[in-house]
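Work through the exercises below with the sequence and the model side by side. Try each task before reading its solution.

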Amino acid sequence: MEAHLKDLFCRFHQHFGTGPGLGPSSGTCLLKINGISPLFVKSLYRALAALYRTDPWKRLRPGHLFGLRVGKDSDWSNKKQTFPCAQFIGGDGGDLGLHLFKSEQDALKVSLPVETKHEPNVEILRVIFEKESLLSTANKRMVASLALEPSGMDRYPIIDVARGTSSGGEISFRDPTMEELRYLIAFIKAITLVHPLLQPETDNVTKNGRNVNFEPFIETVDVQWPAELATAVDLVAVTISYPPNRTYEEKKLASPIKYIEPPKEEEDFSGSRQCAMCEKPVQWDQSLCCGRCKAIIYCGPICQKNHWREAHKSMCGLYKAMMEREEELAMKIFKFNFVVDNSCQWLESMGLHKKGMWRRLCDCYAHHPFGLLPTKSIGAFELWGGLGDKDYPSDKPLANHIIGNRNPVFLSGWSEYYNIRSLPMSSPVAAILSHPLTVYHILTTLVINSKNRLIKGKEVIVHYLGPAVELDWLQAFDEISHLLNGLGNVQIFMIGPEVPSNLLGPVSGLGSRLRVNLVRGLYQEQYTNLPAPHMVIALNCGFEIYGSWLGALGVIKSNNVPVFFTERSEVLCTSAKQVLRTSGLHLTHPVGPNPFRSPLREQMHSTNLPSFSNGFIFGVNT
């Protein structure tokens with residue numbers, strides 16, 4: 001190639017290829033890397049998808065450099081950290097991604113305000129989120145064969161290592177090593193948790209209004225290695241600092257801070273709460289909150305200080321990260337009040353108090369066993385509490401779906417579902433439909449085997465553990481039959497001690513493509529009497545009552561079928577992971593927000609942590 005044409009070709013790629021100024025990605029296919037397993041690739045893509053959902057590029061620019069330390073230096077082959085400096089790119093334009101550097105000096109050499117400069121012998125571990133249409137053929141095959149989780153709607157991460165040649169004019173690429181990918185996944189999991197903790201400095205916006213400086217910051221979190229790595233320990237400590245040279249000696253957090261501030265209007269948790277230390281009832285307007293995380297409630301300063309010393313100090317940073325997700329988790333697409341301080345008052349405000357299926361959300365009917373709410377032979381109008389005809393899903397074919405398309409409907413979230421069912425966003429039915437649509441989401445999105453079976457018109461068998469409120473909402477599960485859209489069948493066995501003896505067996509009145517059978521008893525005692533499942537599901541699983549789960553988890557471990565759980569809050573998910581590890585099970589689908597969680601934010605007794613029915617989803621054996 002003529003020299004001037006070669007130079008023109010290189011400059012074209014620099015400006016129009018993937019990445020800010022470094023040219024196109026090398027097209028690395030991770031499956032070609034020595035020592036890598038498909039399970040690890042899936043774990044890495046899930047971790048990157050979870051990071052993408054937190055949208056760090058909203059605040060972070062290339063000038064924001066982070067220091068990172070994963071485990072001990074002796075854990076790595078060269079007895080030093082692999083890529084101990086990181087930056088996010090694309091926040092000011094261009095493809096979104098992140099860069100990891102061998103040192104802060106390397107990062108400063110190559111980082112320009114709007115692009116990354118070529119610098120001789122500087123290596124950059126790159127992650128670029130590319131549109132699916134731009135992936136190489138090998139990567140498209142890998143994404144399809146492994147059913148890899150996308151980042152956002154249609155992007156997938158491409159990972160390579162770029163290095164400026166000695167002349168400085170060109171870039172060479174290589175595949176990352178397995179050790180570098182281990183380092184990367186630890187960083188990804190940690191930064192997902194901690195980047196929301198960054199606090200902007202006051203009066204720090206630059207003239208262009210886009211670059212923000214943050215308060216100096218350092219945080220250490222324990223990250224769980226993917227089970228397939230088979231490391232000697234399950235967890236690794238990852239420390240992230242901003243700026244990179246920040247040390248713990250500079251961190252000033254010796255004691256908790258009082259926090260007495262009127263809550264935002266949409267977060268009005270008025271009424272009686274409970275002190276996290278002494279469990280004494282306390283009125284909201286007389287309580288204290290931790291001044292740092294704003295999550296934990298106390299009756300007074302003595303309990304606050306005692307709890308700080310005994311328990312809260314080690315958890316405060318994690319709780320703060322969870323509280324920072326309030327905005328992300330709030331379902332503001334809905335046009336009704338979604339903060340529930342008192343369920344009866346909320347139902348009354350919606351005109352649903354003591355009506356239809358809504359009674360199971362009401363304390364007035366708490367004395368009635370699950371599945372045995374007083375009822376007559378009533379239709380959909382009465383079941384939905386007298387909502388208008390257009391405010392609940394009709395028992396008719398899908399209105400906005402393509403006629404003649406006999407494929408199950410694949411949904412990304414509530415907005416898409418409400419559109420397909422022609423429901424207004426003022427309708428509260430999502431609070432009840434969260435259960436059946438979470439099951440449908442798992443069937444058609446999270447488990448590729450069940451999705452393929454449905455597309456082929458086959459049946460999927462689900463073991464559904466621990467039903468409770470669902471036993472009064474069985475008619476709402478008929479929505480699964482509608483969404484299957486004439487193809488495939490689902491058979492659900494609901495097994496649990498709460499199932500009333502007089503309701504055992506098949507449930508009548510459901511669509512032809514959905515069968516629900518009620519089974520009373522413990523899963524470990526009933527399992528051998530049931531058809532083998534394609535998956536197991538437990539919603540709002542309640543692992544805090546560990547003893548009741550021991551036998552069921554033993555069955556789950558021995559059968560090795562995909563199992564998905566939901567929990568109400570992230571702190572309950574943390575406890576659930578400990579219970580699973582104790583039983584020899586490790587997450588293969590990481591904790592993440594459930595797109596079909598209930599929009600109703602629940603009030604917890606002693607915390608302000610975001611809590612929703614079916615709020616978070618995670619899985620094992622996937």
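The exercises cover confidence, one helix, backbone geometry and one pocket. The model is predicted, so local features need pLDDT of at least 70 and side-chain atom pairs count only at pLDDT 80 or more, while totals for chains, interfaces and linings use all residues. Residues are numbered from 1 along each chain as its sequence is written, and side-chain values use heavy atoms, with hydrogens and water left out.

**Exercise 1.** Find the stretches where pLDDT (the predictor's confidence in each residue, from 0 to 100) is below 50.

Step 1. For the chain, the mean pLDDT is 83, and 85% of residues reach 70 or more.
Step 2. Residues 3–23 stay under 50, with 38 contacts (heavy atoms within 4.5 Å) beyond four places in sequence.
Step 3. Residues 249–270 are also below 50; the model gives this stretch 44 contacts beyond near neighbours in sequence.
Step 4. Where pLDDT is low, predicted coordinates should not be read in detail.

**Exercise 2.** Sort the residues of helix α4 into buried (under 20% relative accessible area) and exposed (over 50%; partly exposed is in between; 1.4 Å probe, protein chains only). Helices (H or I, at least four residues) and strands (E, at least two) are DSSP runs numbered from the N terminus.

Step 1. In α4, residues 137–146, the buried residues are A138, N139, M142, V143 and L146.
Step 2. These lie on the same side of α4, because they cover an arc of only 135 degrees around the axis, taken from the directions from the helix axis to the C-beta atoms.
Step 3. T137, R141, A144 and S145 are exposed on the other side of α4.
Step 4. The partners of the buried residues are α2 (38–53) and β5 (155–164).
Step 5. A147 follows α4 and has a positive phi, near 50 degrees.

**Exercise 3.** Describe the backbone at P243, K294 and K354.

Step 1. Y242 to P243 is a cis peptide bond, omega near -5 degrees; P243 sits in the loop between β8 (235–242) and β9 (258–259).
Step 2. K294, not a glycine, has a positive phi of about 60 degrees. Its loop runs between β12 (288–290) and β13 (297–298), and K294 is partly exposed at 34% relative accessible area.
Step 3. K354 has phi near 65 degrees, lies in the loop between α8 and α9 (380–383), and is partly exposed at 47%.

**Exercise 4.** Which helix supplies the largest share of the lining of the second largest pocket?

Step 1. The largest share, three residues, comes from α8.
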